[in-house]
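Hello,

Here is the structure I promised to pass on to you. Please have it open while you read the notes underneath.

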Amino acid sequence: MKFSRFSILPFESNQSPRKAEIALSLHRRHRQSGIAGIAVLSLLAAAVVGLGLFATYQFVDPAPPERIVLATGAEGGAYQLYGQAYAARLAREGIEVELRESAGSAENLEWLRSDSDVDIGFVQSGIATAQDRETVNALASLYLEPMWLFVRDEFELLEATDLLGARIAIGEPGSGTRAIALRLLGAHGLGESGTAFVDIPQADVADSLTRAEIDAAFVVGAPSSETVEKLIGAPGARLVSLKRSAAYARRFSYLKFVTLPAGVLDLEKDLPPEDVETVATTAMLASRSDLHPALVDLLLIAARDIHSAHGLLAERDTFPSPRYVDLPLSAEAERHFRRGPPFLMRYLPFWAAIFIDRMWVLLFPLIGLAIPLFKLVPPLYQWQVRRRFLRLYAELESLDPNINPIADSADVAKRKERINWLEGESAVTHVPREYKDAMYKLRRDIDLVRRQLVSL
């Protein structure tokens with residue numbers, strides 16, 4: 001809409017300075033009134049848009065939490081080391097990670113399916129129950145965890161049955177090591193009745209073997225874990241192959257048959273001195289089913305940074321992977337592996353990407369409300385101007401002697417005073433251009449009625 005700036009200040013040459021001052025004051029007042037009218041209408045439109053946005057915002061997904069709890073494992077284990085890596089990586093994105101030490105995978109699963117405050121946790125494949133699968137999701141498998149079997153140097157182990165009557169450390173209650181070890185030993189008919197299972201902390205296994213307090217120890221963990229590294233170099237202890245490893249991998253789908261070549265752990269010390277056959281589970285990153293979707297993407301990006309390198313047991317970019325999990329893969333994780341991280345998270349900081357992703361849904365109601373509302377502002381202003389003209393003409397008709405007969409001389413004087421006021425009221429600026437002719441017509445009509453009053 002186009003506007004024309006013009007002023008109607010109908011001063012006569014014989015007007016007094018006082019009348020001119022009054023007319024100029026009225027002119028300024030009406031100019032400010034016009035600007036104020038547009039401002040008020042614009043503010044009303046903005047208020048309606050704001051209310052619409054507020055109502056729509058109630059349906060926007062909540063922002064991801066700034067703090068999460070990660071269940072790791074026993075002190076000195078790989079879970080604890082990787083937990084620290086995740087905490088450092090997420091801290092760069094403004095997410096605080098509290099590391100919760102636990103007995104291991106079984107306890108982590110228990111926390112995840114219960115009402116605890118644990119959000120995510122490291123879980124060993126092969127130990128999940130049907131109850132776990134109802135409430136806990138897998139985000140990815142992270143790396144292979146071999147089953148290590150260490151024995152005292154003097155202990156002869158040719159077959160699994162040689163463990164009958166031995167003192168065996170199978171991991172603490174609540175650990176994944178214990179769950180897997182019991183299944184493997186149970187497959188050979190070795191139960192608690194014929195074997196002495198010893199519950200000792202994982203960090204103390206190496207010392208217990210050195211002091212001959214136990215005969216054998218099962219440990220599930222990455223080669224880089226502190227416990228495995230300590231056991232590899234422990235005096236009086238040696239790493240042996242897990243007999244029937246290939247059969248275990250066939251019988252239990254969550255186990256993978258692996259061979260550790262001689263010297264793969266330490267070529268200088270030639271550790272292990274010979275090829276070792278064993279089985280491996282996968283370490284999974286698991287979460288509650290209600291974990292915020294944005295955190296799933298962030299965790300998987302972090303997992304790629306931490307676990308994608310070449311390792312002793314896997315080629316580069318093998319992990320993280322949607323394979324080798326025995327918990328339901330979350331829908332967000334499945335989408336991430338299929339399409340990659342969200343577009344915005346590839347190029348923006350996490351907080352910025354999340355803000356834009358949450359707020360874009362407000363764009364449509366904003367456009368839907370703003371365009372028609374702000375299109376209404378000019379017509380409403382025109383209606384306001386036209387309404388003023390109607391009011392002024394109604395006042396002019398009451399002063400016209402042809403329409404409203406004169407009563408007496410006092411009435412004439414009163415009408416003259418009123419016509420001067422009306423003349424000042426017609427001083428308007430910044431009106432729509434289409435009202436230019438109407439403004440000049442109003443001025444002529446006021447002058448006509450004033451002449452009739454002067455002639456009386």
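The notes below go through the open pocket, the enclosed cavities and a patch on the surface.

Before anything else, please keep in mind that this is a predicted model.

Let me start with the largest pocket. Its volume comes to about 470 Å³. The lining of this pocket is made up of 25 residues, and those nearest the centre are Tyr-82, Pro-223, Ser-224, Gly-311 and Leu-312. If you would like to find the pocket by secondary structure, look for strand 5 (136-152), helix 7 (226-232) and helix 9 (293-307), the elements that each give two or more residues to its lining. As for the chemistry of the lining of the largest pocket, 16 residues are nonpolar, five are polar and four are charged.

Next, the enclosed spaces. How many cavities of 30 Å³ or more does a search of the whole structure find? The search turns up three.

The largest cavity has a volume of about 270 Å³. Its lining consists of 25 residues, with Ala-103, Ser-175, Thr-177, Gln-202 and Val-220 lying nearest the centre. Helix 2 (78-91), helix 5 (176-187) and strand 8 (216-220) are the elements that contribute two or more residues to this lining. Of these, strand 8 gives the largest share, with three residues. Sorted by class, the lining of the largest cavity holds twelve nonpolar, eleven polar and two charged residues.

The second largest cavity contains about 100 Å³ of space. Several leucines help to line it, including Leu-149, Leu-157, Leu-163, Leu-184, Leu-185 and Leu-242. Ala-160, Phe-218 and Tyr-248 are also part of that lining, as are His-188, Glu-159 and Lys-243. By class, the lining of the second largest cavity divides into nine nonpolar residues, one polar residue and two charged ones.

Finally, the outside of the protein. Phe-343, Tyr-347, Leu-348 and Ile-356 together make a nonpolar surface patch of about 440 Å². You will find Ile-356 in helix 12, which covers residues 350-359. Is Ile-356 buried, exposed or partly exposed? It counts as partly exposed, because its relative accessibility is 40%, and the partly exposed class lies between under 20% for buried and over 50% for exposed.

If you want a place to begin in the viewer, you could centre on Tyr-82 for the largest pocket, on Ala-103 for the largest cavity and on Ile-356 for the nonpolar patch.

Happy browsing, and best wishes!

Note on methods
Residues are numbered from 1 along each chain as its sequence is written. This is a predicted model: local features need pLDDT of at least 70, side-chain atom pairs count only at pLDDT 80 or more; totals for chains, interfaces and linings use all residues. Side-chain values use heavy atoms; hydrogens and water are left out. On a 1 Å grid over the protein atoms alone, a cavity is a set of points where a 1.4 Å probe fits but cannot get out, and a pocket is an open set with protein on both sides within 12 Å along at least five of seven lines; lining residues have an atom within 4 Å of a point. Grid points are joined across faces, edges and corners, and a volume is the space filled by probe spheres set on the points. Helices (H or I, at least four residues) and strands (E, at least two) are DSSP runs, numbered from the N terminus. Ala, Val, Leu, Ile, Met, Phe, Trp, Tyr, Cys and Pro count as nonpolar, Asp, Glu, Lys and Arg as charged, and the others, Gly among them, as polar. Patches are made of residues with over 30% relative accessible area and no salt bridge: like charges are joined within 9 Å, nonpolar side chains (Val, Leu, Ile, Met, Phe, Trp, Tyr) within 5 Å. Accessible areas come from the Shrake-Rupley method with a 1.4 Å probe; for residues, only the protein chains shown count as cover. A salt bridge is a side-chain nitrogen of Lys or Arg within 4 Å of a carboxyl oxygen of Asp or Glu. Buried means under 20% relative accessible area, exposed over 50%, partly exposed in between (1.4 Å probe, protein chains only).
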